[in-house]
Amino acid sequence: MTAASEDCAHAQVCCKAPAPLSRSECADVAALFKALAHPVRVSIVAALARCPGACCGEIVSGLPLAQSTVSQHLAVLKEAGLLTASDEGRSCRYQLSPLTASRLTQAGALLLPMASEADVPSPSDQTGSTGFPRKATA
């Protein structure tokens with residue numbers, strides 16, 4: 001059997017396998033990652049994990065963005081159920097919702113078994129010491 005025919009046979013088996021996740025699980029994971037799909041929102045979640053109960057002004061002061069832009073990002077995270085907000089007079093305090101950590105852990109657990117089953121090169125083959133992909137060299 002040639003390498004090409006082995007690849008084709010492997011692809012036929014893998015492509016016909018049932019999806020490891022239900023549609024509902026896929027939709028839940030996609031919605032979670034969509035809410036985290038912007039670096040500013042990831043930064044906000046990380047900051048609130050370290051310092052819960054920050055007001056919008058405190059969050060804004062840590063970012064190089066206008067207050068209105070930060071408020072839009074906070075709204076996306078709140079709509080996705082990752083943040084809760086409590087009104088304190090004219091201020092609003094944000095914290096991670098109680099389920100945020102478990103939702104992120106569950107999403108990772110749903111996806112990681114797929115990665116371990118795939119023929120994936122080790123991270124050291126693809127990344128530099130920082131963990132980010134190496135730049136292609138000519």
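**View 1. The order of helices and strands along the chain.** Follow the sequence of this predicted model and the pattern reads α-α-α-β-α-α-β-β-α-α. That gives seven helices and three strands in the protein chain. Of the contacts between residues at least 6 apart in sequence, 49% link residues at least 24 apart.

**View 2. The chain's surface and its buried share.** Here's the whole protein chain, with its accessible surface of about 9,800 Å². Carbon and sulfur atoms account for 61% of that surface. Out of 138 residues, 20% count as buried.

**View 3. Helix α5 from end to end.** This helix runs over residues 67–79, so count 13 residues in all. From first C-alpha to last, α5 spans 18 Å, close to the 18 Å expected at 1.5 Å a residue. Right after α5 comes G81, with a positive phi of about 80°.

**View 4. The two faces of α5.** Look for V70, H73, L74 and L77, which are buried in α5. They sit on the same side of the helix because they cover an arc of only 100° around the axis. An α-helix has 3.6 residues a turn, so residues three or four places apart point the same way. Over on the face turned away from the buried side of α5, you'll find Q72 and E79, both exposed.

**View 5. What covers the buried side of α5.** Helices help out here: α2 (23–35), α3 (39–50) and α4 (56–61) are among the elements covering the buried residues of α5. Strands join in too, including β2 (83–88) and β3 (91–96).

Definitions and conventions
Residues numbered from 1 in each chain as written. Predicted model: local features only at pLDDT ≥ 70, side-chain atom pairs only at ≥ 80, totals over all residues. Heavy atoms only, no water. Helix = DSSP H or I, 4+ residues; strand = E, 2+ residues; numbered from the N terminus. Buried < 20%, exposed > 50% of the residue type's maximum accessible area, 1.4 Å probe, protein only. Contact = heavy atoms within 4.5 Å. Areas by Shrake-Rupley, 256 points an atom, 1.4 Å probe, with all protein chains shown as cover. Expected span 1.5 Å × (residues − 1). Arc of directions from axis to C-beta.
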